Amino acid sequence: MTTDADIRRIYERWHETVRGRDLDGLVALYAEDAVLETPLILATLPDLGEGVLRGREPIRSFFAAGLRTLQGELSRWYRTGTFYADGRQLVWEYPRETPHGDQVDLVEVMDIEHGLIAHHRVYWGWVGVRLLAPALNRTA
C-alpha cells in the first residue's frame, strides 16, 4: 500500500537526489522491476534502440551516464511545488518558463506501488524536444 507520506517522500526525494546528483538515493526510489520511459534514454544510450528501461540496474546505468554528462539546459530543475496525486499516481511539471528564463520542459508521471516508483514516464515539451533532436538524429 502507498500512503500520502510515500507520495510526498518520492516527490521531494526524486527532485533532491537528481539535483544533488545522488545516484544511490535516486535509484533507491525505484522498485526492483521498475520501468522508466523517456526519449533521453535514446540520446544517452543509443545502442538500446528504444526509450524504455526495465529493472533497477538498467535504470541505475542510465542515470549514472546521464548525471555524468547532463550539462547546461538539462541540469536546470526549477519546479513550482505543485503536484497531483491520487494515491497511486504522482504527476508534476518542470515548466518551460521559470523566474530565470526558459528551461527544458518536462512532465513527470510516476506510478507508485508499495512506496516505490513502479513505472516512470517523462513527457518532453517543445524546448526539450528541440534540445534532444540533434542527439536523436545521431541515433537514427
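Helices and strands are here runs assigned by DSSP, with at least four residues for a helix and at least two for a strand, and they are numbered from the N terminus. In these terms H114 belongs to the loop that lies between β7 and β8. The model in which this loop is described is a predicted one, and the account below moves from the whole chain to this hairpin, then to a buried acidic residue and finally to the charged pairs.

The secondary structure of the chain consists of five helices and eight strands. Read from the N terminus, these elements follow one another in the order α-α-β-α-β-α-β-β-β-β-β-β-α. The radius of gyration of the chain is 14 Å, close to the 14 Å that the globule rule gives for 140 residues, so the chain is as compact as a globular protein of that length. Taken along the principal axes, the box filled by the C-alpha atoms has dimensions of roughly 45 × 35 × 25 Å. Buried residues make up 45% of the 140 residues of the chain. When contacts between residues at least 6 apart in sequence are considered, 50% of them join residues that are at least 24 apart.

Strand β8, which covers residues 116-124, takes part in two of the pairings described here. With strand β1 (residues 30-37), strand β8 pairs in the parallel sense over four bridges, and within this pairing Y30 has I117 of β8 as its bridge partner. With β7, by contrast, β8 runs antiparallel, and eight bridges join the two strands. In β8, the residue that stands opposite M110 is H120. The strands β7 and β8 form a hairpin with two residues between them, and in this hairpin H114 takes a positive phi near 55°. This backbone angle is found at H114 although the residue is not a glycine. With a relative accessibility of 65%, H114 counts as exposed, because it passes the cut-off of over 50%.

A positive phi of about 55° is also found at R21, which is likewise not a glycine. R21 is placed in the loop between α1 and α2, the latter spanning residues 23-27. The relative accessible area of R21 is 37%, so this residue is partly exposed.

Strand β7 (residues 106-113) also contains E108, whose surroundings may be described in some detail. E108 is buried and yet has no salt bridge, and the nearest side chain of opposite charge, that of R79, is 7.9 Å away. This distance does not meet the limit for a salt bridge, because a side-chain nitrogen of Lys or Arg must lie within 4 Å of a carboxyl oxygen of Asp or Glu. The side chain of E108 does, however, make a polar contact of 2.5 Å with the side chain of H120. Apart from its neighbours within four places in sequence, E108 is in contact with W14, L90, V91, W92, Y94, H120, R121 and V122. H120 thus appears both in this list of contacts and as the residue opposite M110 in the pairing of the strands.

Although E108 has no salt bridge, the model holds 11 salt bridges in total. One of them joins R9 to D6, with the closest N and O atoms 3.9 Å apart. R9 and D6 are three residues apart in helix α1 (residues 4-19), and this spacing separates them by about one helical turn. The two partners fall into separate accessibility classes, as R9 is partly exposed at 32% relative accessibility, whereas D6 is buried at 17%.

Helix α1 also holds R13 and E16, which lie three residues apart, or about one turn of the helix. Their side chains meet in a salt bridge with an N to O distance of 3.0 Å. R13 has a relative accessible area of 31% and is partly exposed, and E16, at 43% relative accessibility, likewise counts as partly exposed. Together with D22, R13 and E16 are linked in a network of salt bridges.

A further salt bridge is found in helix α4 (residues 56-69), where E57 and R60 are three residues apart, about one turn of the helix. The closest N and O atoms of E57 and R60 are 3.8 Å apart. E57 is partly exposed, with a relative accessible area of 49%, and R60 counts as partly exposed as well, at 24% relative accessibility.

Terms used. Residues are numbered from 1 along each chain as its sequence is written. This is a predicted model: local features need pLDDT of at least 70, side-chain atom pairs count only at pLDDT 80 or more; totals for chains, interfaces and linings use all residues. Side-chain values use heavy atoms; hydrogens and water are left out. Buried means under 20% relative accessible area, exposed over 50%, partly exposed in between (1.4 Å probe, protein chains only). Lys and Arg count as positive and Asp and Glu as negative; His and the chain ends are not counted. A polar contact is a pair of N or O atoms within 3.5 Å; within protein, one must be able to donate a hydrogen and the other to accept it, and residues adjacent in sequence count only if both atoms are side-chain atoms. Contact means heavy atoms within 4.5 Å. Two strands pair if DSSP finds at least two bridges between them. The radius of gyration is taken over C-alpha atoms; the globule rule is 2.2 Å times the number of residues to the power 0.38.
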